[in-house]
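User: Got a model here that I'd like to walk through. Can you take my questions as they come?

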Amino acid sequence: ACHQPSGAGVLGVFPPLAGSDFLNADKTRAIGIVIGGLSGKIEVNGKPFNSQMPALNLSDEDIASALTYVYNNWGNAGHEVKPAEVAAVRAAKKAAGK
């Protein structure tokens with residue numbers, strides 16, 4: 001609901017996932033955001049956003065599937081996210097105490 005069924009987001013509140021320069025720039029960061037959430041200022045497609053995304057309590061497989069879907073729709077980069085990549089990011093965050 002936050003990013004809308006079209007992936008367009010809500011201007012000034014929830015950033016777009018569709019054609020998102022922020023999303024497409026760093027797959028590892030995107031995985032980390034789904035795992036651990038995000039708060040504070042970011043810029044997406046030249047527009048500022050200052051909101052909060054909660055951490056999502058999902059399995060590695062579910063996160064990989066959701067991000068692969070997002071990356072392969074709405075004009076995004078077409079990345080595949082594998083469960084092993086999610087597990088690696090999760091382990092790194094845990095080791096760093098995050």
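User: Start with Ser20. Buried or exposed?
Analyst: Buried. This is a predicted model, and in it the relative accessible area of Ser20 is 2%. The cut-off for buried is under 20%, so Ser20 qualifies.

User: Where does Ser20 sit?
Analyst: In the segment before helix 1.

User: And what is Ser20 in contact with, leaving aside neighbours within four places in sequence?
Analyst: Val44, Asn45 and Asn76.

User: OK, switching to helix 2. Which residues are buried there?
Analyst: Helix 2 covers residues 27-36. Ala30, Ile31, Gly32, Ile33, Val34 and Ile35 are buried in it.

User: What do those buried residues pack against?
Analyst: Three helices and two strands are listed here by name: helix 1 (21-25), helix 3 (60-71) and helix 4 (83-95), plus strand 1 (38-44) and strand 2 (47-53).

User: What happens at the start of helix 2?
Analyst: Asp26 reaches in with a side-chain oxygen. That oxygen comes to within 3.1 Å of the backbone nitrogen of Thr28.

User: And what follows helix 2?
Analyst: Gly37. Its phi is positive, near 80°.

User: Back to Ile31. What does Ile31 touch, not counting residues up to four places away in sequence?
Analyst: Leu67, Val81, Glu85, Val86 and Val89.

User: How many residues are in the largest nonpolar core?
Analyst: It has 13 residues. Ile31 is among those with the most contacts inside the core, along with Ile35, Ile63, Leu67, Tyr71, Val81 and Val86.

User: Which helices supply at least two residues each to this core?
Analyst: Helix 2, helix 3 and helix 4. Helix 3 gives the largest share, five residues.

User: What about a second core?
Analyst: There is a separate one of five residues. Phe22, Ile42, Val44 and Phe49 are included in it. Val44 came up earlier as a contact of Ser20.

User: New topic, pockets. How much space lies in the largest pocket?
Analyst: About 640 Å³.

User: What lines the largest pocket?
Analyst: The lining has 32 residues. His3, Leu17, Ile33, Val34 and Met53 lie nearest the centre. Ile33 and Val34 are also among the buried residues of helix 2.

User: Which elements each supply at least two residues of that lining?
Analyst: Helix 1, helix 2 and helix 3, together with strand 1 and strand 2.

User: And how does the lining split by class?
Analyst: The count is 24 nonpolar and eight polar. There are no charged residues in the lining.

Terms used: Residues numbered from 1 in each chain as written. Predicted model: local features only at pLDDT ≥ 70, side-chain atom pairs only at ≥ 80, totals over all residues. Heavy atoms only, no water. Buried < 20%, exposed > 50% of the residue type's maximum accessible area, 1.4 Å probe, protein only. Helix = DSSP H or I, 4+ residues; strand = E, 2+ residues; numbered from the N terminus. Contact = heavy atoms within 4.5 Å. Polar contact = N/O pair within 3.5 Å; in protein donor to acceptor, adjacent residues only side chain to side chain. 1 Å grid on protein atoms, 1.4 Å probe; cavity = no way out; pocket = protein on both sides within 12 Å on 5 of 7 lines; lining within 4 Å. Points joined across faces, edges and corners; volume = space filled by probe spheres on them. Nonpolar A, V, L, I, M, F, W, Y, C, P; charged D, E, K, R; others polar. Core = buried A, V, L, I, M, F, W, Y, C linked by side-chain atoms within 4.5 Å.
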